[in-house]
Amino acid sequence: MAVVTRDGEAAGPAAGTSRPAAVSRFYTGMLNLEWLTKAWWTILSISLFAGIWELCWAFGWADPKLLPPPHIFLGNLAEQGKFFNTATRWQVGQAMNAGPSAFESVMITVGATTARVFVGLAMASVLAIGMGVLIRYYHFFDKLVLPTITLLSPVSPIAWLPVAIFLFGIGNAPAIFMVVVALFFHMVLATVAQIDGVSPNFINVARTMGASKRQIYGRVIVPAILPGMLQVLRLNLFGAWMVVLVAESTGVGYGMGQVIMLARNTFNPSLVFFTIAVIGVLGFAFDWLLRQAQRRILYWLPDTKEKLRGL
Amino acid sequence: MAFDAPPTFSSKDAVVCRGVGKTWAAGTRRAHNALTGIDLDVAPGEFVVFLGPSGCGKSTLLYLIAGLEDATEGQLWSFGDLVDTPSPERSLIFQETSLFPWLTVWENVSFGLSIRGAGKEERRSVAAEALQRVGLKAAMDKRPDELSGGMRQRVAVARALAMRPKVLLMDEPFAALDVQTRARMQDFLLDVWRDSGASVLFVTHHIDEAVALADRVVVFTSRPGRIKTIVPIDLPRPRNLFSREAEELRIRLTDLLRDEVDRAFAEQEALAVTA
């Protein structure tokens, strides 16, 4: 049978060996040094922001004691690093220079906070997606739990802080609990919304093929909501970073939240901005990683961003 | 039920409808009667086109026959069995693309087999055969988003064929395609229909399409949908659509449809005034 021209082109040669579109896009991107342009724009964006701040300082509008510009709070890394050590130095019988070095301290602190973010995010995601799917799978479960979940989702993480301490005292557990409780409820609602957004045609196709309810959920609904859920995960990654600092300010041994509290109590704006800078870089890096993962996993999604750019 | 005595029909008939109707949101304030009193027999291997104005319930009837929705009046049978659930024997093809974007073309085509737990070898060979029949075997390992609209609909047809259906239900499958592609797809569908021996129930609001394809055209009234009349298309196949007979049929169908469209418009205007 003859094929329409448009179809013929798309059918083209070497159909059997075609790579997913996103993968080939990735390779051409590398060749075109597209990533370099992107990096350039990122640097420019940050430089612009830092530059305006520096100008304000140079003109004397920003008091360096209150709003120290980047060259001040990033200037003496070793000095700033010392504040990150909340380890053993103040204990009886410890020399002042004992314990980890400044660099090690920063790494320990950053590592501890990052671990709390990821453990919390992972727990919240698994629980919320599981709960969301259960809510739509079992009608009675929906009626039983959805009102309570909706009721609890607007509660601020700050309100959960005392609860976290009552239940878990001091340490990693309350910090992780805070992250989970802050993300869980609206991640459940997001999951339910994603499931409700699945095209009814997809479900009807599966039904006419004789799929059971379980197969429809496993083979159709879960893959269909995956793109949306990754998006939800990305946004909640930022949410987790926000909450973890509040949680850590209660006392967890070491963590970015503790450093911020130390800076607040000792009136040290440089340390505040330094910590903010570290969090920003970490959040940016993990978001980038998640976006890369998204592009690899969700190769089938249309590139709407490119279309908007063409307008 | 609409009758007391056992219904009289041949159990060999592909689709039998007796007094079938559907009221959406029944028992609520938003209830509206989409379809009522449908009696229809479709023979095995017959090509029947449902023609009617928008919103006349012709798609609803297709969903009822597919078993995706329950009739609120009357009953339906397919090859002697009561229709109460969906079945792979009655495949539905939608207007919009309904291919799963996360699966390759061949995985889409063999989705129904994987539901039954068939092994990869079997699935791939059945998919290859079905894709061969729609002329897309070369695109087996592609993703749906790499195909044009016409190709995607052919893959959807292949997916239906892979289940070896006895009845193919098509809900305006070519409505989203351009005119040239649509004409090609009609020829393609006739080839598939002849090869497969399945009955085809095809919903459209294009008179040209109805005359090109159908053994019989079922003309619907506007809401609630009833069968206004059934027009047999006795043109020999392959059809010369420019013949006088074809033209006369088109004129006749146009007249039948125009009354209904006029009535539907008048009703909508009346509704707009009261609302």
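Chain B is divided into domain 1 (15-89 + 166-231) and domain 2 (97-164). The model is predicted. The C-alpha centres of domain 1 and domain 2 of chain B lie 24 Å apart. Contact between them involves 12 residues of domain 1 of chain B and 11 residues of domain 2 of chain B. On the domain 1 side, helix α6 (residues 179-196) of chain B gives the most, with six residues. By class, that side of domain 1 of chain B has nine nonpolar, two polar and one charged residues.

**The chain B record**

UniProt, in an unreviewed entry, lists residues 15-247 of chain B as "domain: ABC transporter". In the model, these residues of chain B are 33% helix and 26% strand. The end C-alpha atoms of residues 15-247 of chain B are 30 Å apart.

**A four-stranded sheet in chain B**

Chain B holds an open sheet of four strands. The order is β2-β1-β4-β5 (chain B), and the pairing is antiparallel. Which strands stand at the edges? They are β2 (32-42) and β5 (81-82) of chain B. Each has a single partner strand, so one side of each is left without a neighbour in the sheet.

Strand β1 (residues 15-24) of chain B pairs with β2(B) in the antiparallel sense over seven bridges. With strand β4 (residues 73-78) of chain B, β1 of chain B also pairs in the antiparallel sense, over four bridges. Is β1(B) largely enclosed or left open by the rest of the structure? Seven of its 10 residues are buried, so β1(B) is largely enclosed.

Individual bridges show the register. Cys17(B) has Leu40(B) as its bridge partner in β2(B). In β4(B), the bridge partner of Cys17(B) is Leu76(B). Val16(B) stands opposite Trp77(B), a residue of β4(B).

**Chain A**

Chain A has 14 helices and zero strands. Of the 311 residues in chain A, 27% are buried. Contacts in chain A with a separation of 6 or more include 65% between residues 24 or more positions apart.

The UniProt record, again an unreviewed entry, lists "transmembrane region" for residues 39-62, 117-138, 144-168, 175-195, 215-233, 240-263 and 269-290 of chain A. Two of these spans are set out below.

| Span | Helix | Strand | End C-alpha atoms apart |
|---|---|---|---|
| Residues 117-138 of chain A | 95% | 0% | 31 Å |
| Residues 144-168 of chain A | 84% | 0% | 28 Å |

**One residue in detail: Ala263(A)**

Ala263(A) lies in helix α12 (residues 256-265) of chain A. Is Ala263(A) buried or exposed? Ala263(A) has 20 C-beta neighbours inside 10 Å, so Ala263(A) counts as buried. The cut-off for a buried residue is 20 or more other C-beta atoms within 10 Å.

Which residues does Ala263(A) touch, not counting those up to four places away in sequence? They are Asn268(A), Leu271(A), Val272(A) and Thr275(A). Ala263(A) and Phe83(A) are 180 residues apart along the chain. Their C-alpha atoms are separated by 8.5 Å.

Terms used. Residues are numbered from 1 along each chain as its sequence is written. Chains are lettered from A and ligands numbered from 1 in the order in which they are written. This is a predicted model: local features need pLDDT of at least 70, side-chain atom pairs count only at pLDDT 80 or more; totals for chains, interfaces and linings use all residues. Two strands pair if DSSP finds at least two bridges between them. Helices (H or I, at least four residues) and strands (E, at least two) are DSSP runs, numbered from the N terminus. UniProt positions are given in the numbering used here, feature names are shortened, and annotations may be inferred rather than shown by experiment. Domain bounds come from an automatic or database domain assignment. Two residues are in contact if their C-beta atoms, placed from the backbone, lie within 7 Å. Ala, Val, Leu, Ile, Met, Phe, Trp, Tyr, Cys and Pro count as nonpolar, Asp, Glu, Lys and Arg as charged, and the others, Gly among them, as polar. A residue is buried if 20 or more other C-beta atoms lie within 10 Å of its own, exposed if 12 or fewer, and partly exposed in between; C-beta atoms are placed from the backbone.
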